[in-house]
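Q: Got a minute to go through this model with me? I'd like to start with the ligand and then poke at the backbone.

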Amino acid sequence: MPGSLRPAVRYHVESMNIPLLDVCRQNLPVETALEAAFRRVLRSGQFILGKEVEEFEQTAAAAARARFAVGASSGTDAILMALMALGIGPGDEVICPAFTFFATAGCVARVGARPVFADSCPACFNIEAGGIERLITPRTKAIIPVHLFGQPAELDPILALARRTGVAVIEDAAQAFGAEYHGRPVGARGEFGIVSFFPSKNLGALGDAGLLLTNDAALAEKARQLRNHGMHPKYFHAMIGGNFRLDALQAAFLNVKAPHLAEYTRKRQEHASLYNGAFTRLRGGEAVDIVPPEIHPDRTHISNQYTLRVRPGKRWAGAGNPRDALKRFLQERGVASEVYYPVPLHRQECFAAFGPYPPLLVAEALAAEALSLPVFPELAPEEQAAVIEAVCAFAALA
Ligand SMILES: *Cc1c(COP(=O)(O)O)cnc(C)c1O
């Protein structure tokens, strides 16, 4: 019972402070190159779009094997631009998972459409592909599968369903830039894919930045115009866009960091596989059932997050939720962890007006059970050992 154990054992990990993410450990080794990038942009006097942005767009399009990449102010704005470019608005419905980051559905509501929430797969946390078809109505305009935590969603059946029903697909690859499904990078399979370079993503900028991917020349052109107030030619507006432009400075920083992405991701994957090896034996524990994340063999997982399910075992005797108990237990030992995401989107107050939504049992269970551990590339071996030791100690003592 975690409540009674708290003072029982003192671990050496208590002297450590292990963060969930330390961006400095990644950025300071390339400090000189980042400073040079800053000077390049400063002296160019070109701060909005321009050469650095175009260079980054080309690098990103090649990496995702997409014909077109359009740099954007953030991943969120990229979702918004994709919905706007597809002409989605009031009266329309867009299907997305309930267990994801808010932006996925927030953008749907911002264009005036109704988010329709699908349940998730308990093993991989992604949208349950088999449950989408019955949510399709004559008003459905798009499906947004999210490649959650860095593992691709089950794209083939989703794309097949979308083609058959005439619905667009926007891949939310915010957390999955570089992940592959059936040997191909995600993000360029549907009408659009979006990527985020928020500092916590595998490729993180030094601020906000995002990207739209597409293979459709007309959609790419529309997205470019929407990014700049729908303006074409200058001061003529056939459509209403916004300011969704990527800063030259962020693009210059991303040009410095992009060549390191494969290495960053490889280290994350090594950490994830070490965790998986260490935690497999905690599965089905009597007091607490700790379930490591499953990776489908037909796709790669870039481990943007390493997320366990922490469930009460048959003899769980602690007060309350074992996931929250583990989080507290780790906190007391200086190990940071985070709950992504505690409230599924169909239960968010701001979407109540679009409801009522039926219960989504897996999404609700995941919101109560998911706990993400430090998996950032620069996590030191002794730090990871301490995280493992602390999780195992919790399981043994619970
Ligand atoms: C990070 C994230 C976004 C939004 O990206 P920003 O660049 O932070 O706006 C959208 N969807 C998911 C799943 C994300 O993780």
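A: Sure, we can take the ligand site, then the pocket, then the odd backbone spots.

A: One thing up front: this is a predicted model.

Q: Okay, which residues come nearest to the ligand?
A: There are 15 residues around the ligand, and Gly-75, Thr-76, Gln-175, Ser-196 and Lys-201 come nearest.

Q: What does Thr-76 do there, distance-wise?
A: An N or O atom in the Thr-76 side chain sits 2.5 Å from an oxygen atom of the ligand.

Q: And which part of Gly-75 faces the ligand oxygen, backbone or side chain?
A: Backbone: a polar backbone atom of Gly-75 is 2.8 Å from an oxygen atom of the ligand.

Q: What about Gln-175?
A: That one uses its side chain, with an N or O atom 2.7 Å from a ligand oxygen.

Q: How much of the ligand does the protein bury?
A: The protein buries 93% of the 380 Å² that the ligand exposes when taken alone.

Q: Which elements give two or more residues to that shell?
A: Helix H5 (75–85) and helix H6 (103–110).

Q: What's the mix of residue classes around the ligand?
A: Six nonpolar, seven polar and two charged residues make up the shell.

Q: Switching to pockets: where does the ligand sit?
A: The space the ligand takes is the largest pocket. That pocket holds about 380 Å³ of space.

Q: Which residues are closest to its centre?
A: The lining has 24 residues, and Phe-101, Gln-175, Ser-196, Phe-198 and Lys-201 are the closest to the centre. Gln-175, Ser-196 and Lys-201 are also among the residues that come nearest to the ligand.

Q: Which elements build the lining?
A: H5, H6 and strand E8 (192–196) each give two or more residues. H5 has the largest share, with three residues.

Q: And by class, how does the lining divide?
A: Eleven nonpolar, ten polar and three charged.

Q: Now the backbone. Which peptide bonds are cis?
A: One joins Tyr-340 and Tyr-341, with omega at about 5 degrees. Another joins Gly-355 and Pro-356, with omega at about 0 degrees.

Q: Where is Tyr-341 found?
A: Tyr-341 is in the loop between helix H11 (322–332) and helix H12 (361–369). Pro-356 is in the loop between H11 and H12 as well.

Q: Why flag cis bonds at all?
A: Because most peptide bonds are trans.

Q: What's the phi of Leu-49?
A: Positive, about 50 degrees, although Leu-49 is not a glycine. Most residues other than glycine have a negative phi.

Q: And where is the place of Leu-49?
A: In the loop between helix H3 (31–44) and helix H4 (51–64).

Note on methods
Residues are numbered from 1 along each chain as its sequence is written. This is a predicted model: local features need pLDDT of at least 70, side-chain atom pairs count only at pLDDT 80 or more; totals for chains, interfaces and linings use all residues. Side-chain values use heavy atoms; hydrogens and water are left out. A residue is near a molecule or strand if one of its heavy atoms lies within 4 Å of it. A polar contact is a pair of N or O atoms within 3.5 Å; within protein, one must be able to donate a hydrogen and the other to accept it, and residues adjacent in sequence count only if both atoms are side-chain atoms. Accessible areas come from the Shrake-Rupley method with a 1.4 Å probe; for residues, only the protein chains shown count as cover. On a 1 Å grid over the protein atoms alone, a cavity is a set of points where a 1.4 Å probe fits but cannot get out, and a pocket is an open set with protein on both sides within 12 Å along at least five of seven lines; lining residues have an atom within 4 Å of a point. A molecule sits in a cavity or pocket if more than half of its atoms lie within 2 Å of its grid points. Helices (H or I, at least four residues) and strands (E, at least two) are DSSP runs, numbered from the N terminus. Ala, Val, Leu, Ile, Met, Phe, Trp, Tyr, Cys and Pro count as nonpolar, Asp, Glu, Lys and Arg as charged, and the others, Gly among them, as polar. Grid points are joined across faces, edges and corners, and a volume is the space filled by probe spheres set on the points.
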